[in-house]
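Good morning, everyone, and thank you for making time for this. Please have the sequence and the structure open in front of you while I talk.

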Amino acid sequence: MYSTCLFCHRSLGANEAIEQFPVGRRLAFDPAKGRLWVVCRRCERWNLSPLETRWEAIEECERRFTDTHLRASSDNIGLARLREGLELVRIGEPLRPEFAAWRWGDQFGRRRRRAAAYTVAGVTAGGLIVVGGAAAGISIGGSWWWFGHLFRRWRDERVVARLHDLEDRPIRVQFKHLSTSRLITSPGEGWSLKLHHADGWASGRSRDTRVLHLEGEEGLPVLGKLMARVNRTGGRRETIRAAVDRIDEAGHPTEYMRLAAREADRLCRDELKTGRRRKRARNAGALRLLPPDARLALEMAAQEEVERDAMAGELAMLEAAWRDAEEVAEIADNLLIPQAVEEFIRGERRRLRSRED
């Protein structure tokens with residue numbers, strides 16, 4: 001088994017994900033035709049693997065590709081990234097896109113542990129302030145009140161995102177705006193982000209000079225950043241599971257965005273029916289005030305769509321490279337192949353197709 005590129009002679013690297021074929025950081029495979037390439041990350045050329053090393057490796061690549069939920073596909077090419085860092089390029093009819101759940105559990109768990117450590121540090125600092133206030137003659141209750149007031153003031157004025165409006169002018173989003181910004185339904189994309197901010201100009205739809213409307217796709221990167229701030233404390237395992245279930249029930253992250261916008265509108269209507277203050281009712285569906293599982297689901301869906309879009313941009317280039325490599329592979333595989341080997345190849349292809357079915 002070769003370990004250097006046949007074209008630029010650089011190292012192809014190694015992977016620990018495919019035990020039967022530990023060469024390369026990007027593998028391309030065609031389960032229908034039984035072909036396996038190592039894509040050089042230096043020159044992007046496709047190196048066809050020898051016949052005798054392919055079959056078990058292709059079968060393992062197909063299994064790992066199917067089990068990996070973060071993937072993007074065109075009509076002929078699919079791209080998936082494994083958690084070990086290996087990239088798999090699948091040639092053939094695309095599989096149904098699925099939603100990733102495993103990586104969010106790790107990410108939100110790390111945030112939760114980090115938030116717990118910050119909470120302990122904050123309580124310790126607050127205790128020191130209270131002790132200092134008591135020494136200065138201020139009551140313990142008064143010291144705690146001032147500490148809480150100063151902390152909330154600092155938190156609300158803190159800038160959580162620096163963005164640009166539709167005219168490319170800089171705007172600042174503060175933490176307090178997460179309690180007023182929300183998703184709303186729209187006739188075009190089905191949803192849009194109504195973003196409150198500290199600076200800026202009218203968006204053309206609103207007389208409020210500090211409101212920006214971002215329609216559908218253009219709001220995805222911003223929504224992902226904001227929800228990461230909203231969900232800065234992570235979530236419990238059962239909350240993460242409930243968030244994943246929300247997206248699974250919707251069928252697709254984009255569809256969940258539409259459902260989330262409708263849910264935010266419903267929360268506002270319900271608050272208005274209770275006769276409570278109009279300002280409180282308007283903000284009932286705000287990003288920070290949604291149920292915990294809905295907040296996690298929004299971040300998951302937004303980040304998934306952004307990552308899928310980034311992966312989809314590579315598919316066109318991969319498809320062009322595959323067509324060139326396929327011509328060479330067809331000639332190489334059919335060159336002086338004995339009849340017995342051809343029958344073996346056909347049998348292996350039938351076996352792989354039967355396993356897929």
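How many helices and how many strands are there in the protein? There are nine helices and eleven strands, and I should say at once that this is a predicted model.

Let me begin with the whole chain before turning to one part of it. Of the 357 residues in the protein, 45% are buried, and the protein exposes about 19,400 Å², with carbon and sulfur atoms supplying 52% of that area. If we take the contacts between residues at least 6 apart in sequence, we find that 60% of them join residues at least 24 apart.

Now I would like to look at one sheet. It is an open sheet of three strands, paired in the antiparallel sense and arranged in the order 9-10-11. Strand 9, which covers 182–184, and strand 11, which covers 211–215, stand at the edges, and because each has a single partner strand, one side of each is left without a neighbour in the sheet. On average, and ignoring direction, neighbouring strands of this sheet are turned by 30 degrees against each other.

As a reminder, the strands of a sheet pair through backbone hydrogen bonds, and this can be either parallel or antiparallel. Here, strand 9 pairs with strand 10, residues 192–196, in the antiparallel sense over three bridges, and if you find L183, you will see that its bridge partner in strand 10 is L193.

Finally, which strands does helix 4 lie across? Helix 4, made of residues 220–230, lies across strand 9, strand 10 and strand 11, and runs at about 55 degrees to strand 10.

Definitions and conventions:
Residues numbered from 1 in each chain as written. Predicted model: local features only at pLDDT ≥ 70, side-chain atom pairs only at ≥ 80, totals over all residues. Heavy atoms only, no water. Pairing = 2+ DSSP bridges. Helix = DSSP H or I, 4+ residues; strand = E, 2+ residues; numbered from the N terminus. Axes fitted to C-alpha atoms, helices over the stretch in contact; angles between N-to-C directions. Contact = heavy atoms within 4.5 Å. Buried < 20%, exposed > 50% of the residue type's maximum accessible area, 1.4 Å probe, protein only. Areas by Shrake-Rupley, 256 points an atom, 1.4 Å probe, with all protein chains shown as cover.
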